[in-house]
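Here is a friendly walk through one protein chain, written to be read with the structure open beside it. Feel free to rotate the view as you go.

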Amino acid sequence: MRKLDQVDIAILSCLYEDPCMTNKAIAEAINMAPSSCLERIKRLQHEQVIRGARSVLNFAALGGHIQAMVAVRLSSHSRDTVDQFQQELVAEKEVLSVFHMGGENDFLLHVCVPDALHLRDFIFNQITAREAVTHVETTLIYDHITSTSLPCFPD
């Protein structure tokens, strides 16, 4: 991967703060011609530095009134067991993110459900019912905010 320059970082910073920002607005913000800016964005996409854009949703408006983090430990750490667990859980409608972790827990799941009964049933039916699961710990999320500042790590 080529080293990103300050123009690339400025473009990425704009898009990280607002994925819907127009090319014209980005070009204006970084003092660049729109055609040059668009070429840079396309190159960043081609190089997969930019892998897409996401919307920030109000899950409560969709009926998801409870969010939780679910820590999971598995009895087996074979590649097949880990891959199968990860792929099956990420496909569940309640699961927003799956983190494969190092340390005491093997996975951390970010889930969103309508109510406490749904959360309980999801834990029992989709997690603890799996033979490979040896431990589950659920923590409710009261609030969640995401940084809009681009994490940039200089050499």
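What follows is a short tour of the helix packing and of several individual residues in this predicted model.

## How α1 meets α3

A good place to begin is the pair formed by helix α1, residues 6-17, and helix α3, residues 34-46. Two packed helices are described by the angle between their axes and the distance between the axes. For this pair the angle is about 85° and the axes lie 11 Å apart. Angles of 65 to 115 degrees count as roughly perpendicular, and α1 and α3 are therefore roughly perpendicular to each other.

Which residues make the contact? From α1 come V7, D8, I11 and L12, while α3 contributes C37, R40, I41, R43 and L44. Sorted by class, the contact of α1 with α3 holds six nonpolar and three charged residues, with no polar ones.

## A closer look at α3

Helix α3 has 13 residues, and the distance from its first C-alpha to its last is 18 Å, close to the 18 Å expected at 1.5 Å a residue. Its buried residues are C37, R40, I41 and L44. Viewed down the axis of α3, these buried residues fall within an arc of 100°, so they line one face of the helix. The spacing is easy to follow on the model: an α-helix has 3.6 residues a turn, so residues three or four places apart point the same way.

Now turn to the face of α3 that points away from the buried side: there you will find the exposed residues S35, E39, K42 and H46. As for the buried residues of α3, their cover includes α1 and also α2, which runs over residues 23-29.

## α1 and its buried aspartate

Does the length of α1 match or differ from what its residue count suggests? The twelve residues of α1 should span 16 Å at 1.5 Å a residue, and the end C-alpha atoms are 16 Å apart, which agrees. The buried residues of α1 are D8, I9, I11, L12, C14 and L15, and what covers them includes α2 and α3.

D8, a residue of helix α1, deserves a pause. Is D8 buried or exposed? Because its relative accessibility is 0%, D8 counts as buried. Setting aside neighbours within four places in sequence, D8 is in contact with R2, R40, R43 and L44. Among these partners, R40, R43 and L44 also appear on the α3 side of the contact between α1 and α3.

## A29, a residue of α2

A29 is found in helix α2. Not counting residues up to four places away in sequence, A29 touches C14 and M21; C14 is one of the buried residues of α1. A29 and I11 are 18 residues apart in sequence, and their C-alpha atoms are 8.8 Å apart in space.

## Two positive phi angles

Most residues other than glycine have a negative phi. Two loop residues are worth checking with that in mind. N31, in the loop between α2 and α3, has a phi near 60°, a positive value in a residue other than glycine. With a relative accessible area of 73%, N31 is exposed.

Q48 comes just after α3 and takes a positive phi of about 60°. Q48 belongs to the loop between α3 and β1, the strand at residues 66-74. Its relative accessible area is 52%, so Q48 is exposed, given that exposed means over 50%.

## V56 and E92 in their loops

V56 also sits in the loop between α3 and β1. At 83% relative accessibility, V56 counts as exposed. V56 and L119 are 63 residues apart along the chain, and 22 Å separates their C-alpha atoms.

Further along, E92 is found in the loop between α4 (79-90) and β2 (95-100). Since its relative accessibility is 23%, E92 counts as partly exposed. Leaving out neighbours within four places in sequence, E92 is in contact with F122 and Q126. E92 and V111 are 19 residues apart in sequence, and from C-alpha to C-alpha they are 9.4 Å apart in space.

Key: Residues numbered from 1 in each chain as written. Predicted model: local features only at pLDDT ≥ 70, side-chain atom pairs only at ≥ 80, totals over all residues. Heavy atoms only, no water. Axes fitted to C-alpha atoms, helices over the stretch in contact; angles between N-to-C directions. Helix = DSSP H or I, 4+ residues; strand = E, 2+ residues; numbered from the N terminus. Parallel < 35°, antiparallel > 145°, perpendicular 65-115°, else oblique. Contact = heavy atoms within 4.5 Å. Nonpolar A, V, L, I, M, F, W, Y, C, P; charged D, E, K, R; others polar. Expected span 1.5 Å × (residues − 1). Buried < 20%, exposed > 50% of the residue type's maximum accessible area, 1.4 Å probe, protein only. Arc of directions from axis to C-beta.
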